[in-house]
Amino acid sequence: MPTVPTFRFAPSPNGALHLGHAYSALMNARLAAAAEGRLLLRIEDLDRTRCKREYEQAIRDDLAWLAIAFDGAPRRQSEHADDYARALERLSARGLAYPCFCTRGMLAGAHAGRDPDGAPLYPGTCRGLSAREVDARFAAGARPAWRLDSARARAVASRDLSWRELGEGETETIRLADSAAWGDFVLRGRDAAASYHLAVVVDDALQAVTDVVRGRDLFASTSAHRLLQAALDLPAPRYRHHRLVLDANGDKMSKSAASTPLGALRRHGATADDVRVALGFAPGAPRFAVRLS
């Protein structure tokens, strides 16, 4: 049977959706409809401190207001810890993952460079621990994080680490993953929650996602994802990294910057059509200005 084009919109319920989220959701909906494919909703709620069910409901209300329809029930990451645990076990069995007992304080003075998100690269402190040392720390009750041995993962990758990138158009380019840029990144935290990188790679494979459409701010993450896909023998989707919606200061809209939520626009009289017009998804004269990077 031919593969059904499958797209996904994957917000985190740690705050309200803003126009940047609307742009991504509408882009996914447009492309899924054009391909006569499926559009899935995934709730990325692994952050147990910040993610709340009331935010999830608000997200669903906003998406319904925008008249975006999804296929099937949403996948909630917090309900699929076993899937991520199996992936981690597979990596560990292949010698591609190791426990890391370092605390944030221990890593504060590391000088191994920084990853694309600006966080310090891990210097590999625990990579060379002997089995006896690891067993002793577990016996003492230590709760480690788990990291990918990225150098070993690159060495055993059975295929090239490129991906198909379409951006917002139809001109396809082949991009080569900079798989060393992230170093030995975290696969599972000390709280036993899967990392973003591991969870989305597993989810995309289990949900048979063929096209990942997301903002340019996640372009660099694709290098980490391609490395994990190769290490786990998972298929690689096509990628489209779209423009970002900017705020009045020219910065990317974000929850942390308290960008105006869709709910606030709605309460002040904006309609879903107003949002579609402003973001370029419908013809007409926009009632408010939106800047795209």
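1. In this predicted model, Trp 163, Phe 219 and Tyr 239 are joined into a cluster through pairs between their rings. Across the whole structure there are four aromatic pairs, and one of them is formed by Trp 163 and Tyr 239, whose rings meet edge-to-face with 6.3 Å between centres and 70° between planes. This pair connects distant parts of the chain, since Trp 163 belongs to strand β6 (residues 162–165) and Tyr 239 to strand β10 (residues 238–242), 76 residues apart.

2. Are these two partners buried or exposed? Trp 163 has a relative accessibility of 3% and therefore counts as buried, and Tyr 239, with a relative accessible area of 1%, is buried too.

3. Aromatic rings also take part in contacts with charge: the charged end of Arg 147 sits over the ring of Tyr 122, at 3.9 Å from its centre, while the charged end of Arg 266 sits over the ring of Trp 65, at 5.0 Å from its centre.

4. The largest nonpolar core comprises 32 residues, and Leu 91, Leu 148, Leu 187 and Leu 198 have the most contacts inside it. Two or more residues are given to this core by each of α3 (81–93), β5 (145–148), α7 (196–206) and α8 (221–231), with α8 providing the largest share, five residues.

5. For Leu 198, once neighbours within four places in sequence are set aside, the residues in contact are Tyr 84, Ala 87, Leu 88, Leu 91, Leu 187, Leu 228 and Leu 232. Another core, of 29 residues, lies apart from the largest one, and includes Leu 39, Val 213, Leu 265 and Leu 279.

Technical notes
Residues numbered from 1 in each chain as written. Predicted model: local features only at pLDDT ≥ 70, side-chain atom pairs only at ≥ 80, totals over all residues. Heavy atoms only, no water. Phe/Tyr/Trp six-rings, centres within 6.5 Å; stacked < 30°, edge-to-face > 60°. Helix = DSSP H or I, 4+ residues; strand = E, 2+ residues; numbered from the N terminus. Buried < 20%, exposed > 50% of the residue type's maximum accessible area, 1.4 Å probe, protein only. Lys NZ or Arg CZ within 6 Å of the ring centre and 35° of its normal. Core = buried A, V, L, I, M, F, W, Y, C linked by side-chain atoms within 4.5 Å. Contact = heavy atoms within 4.5 Å.
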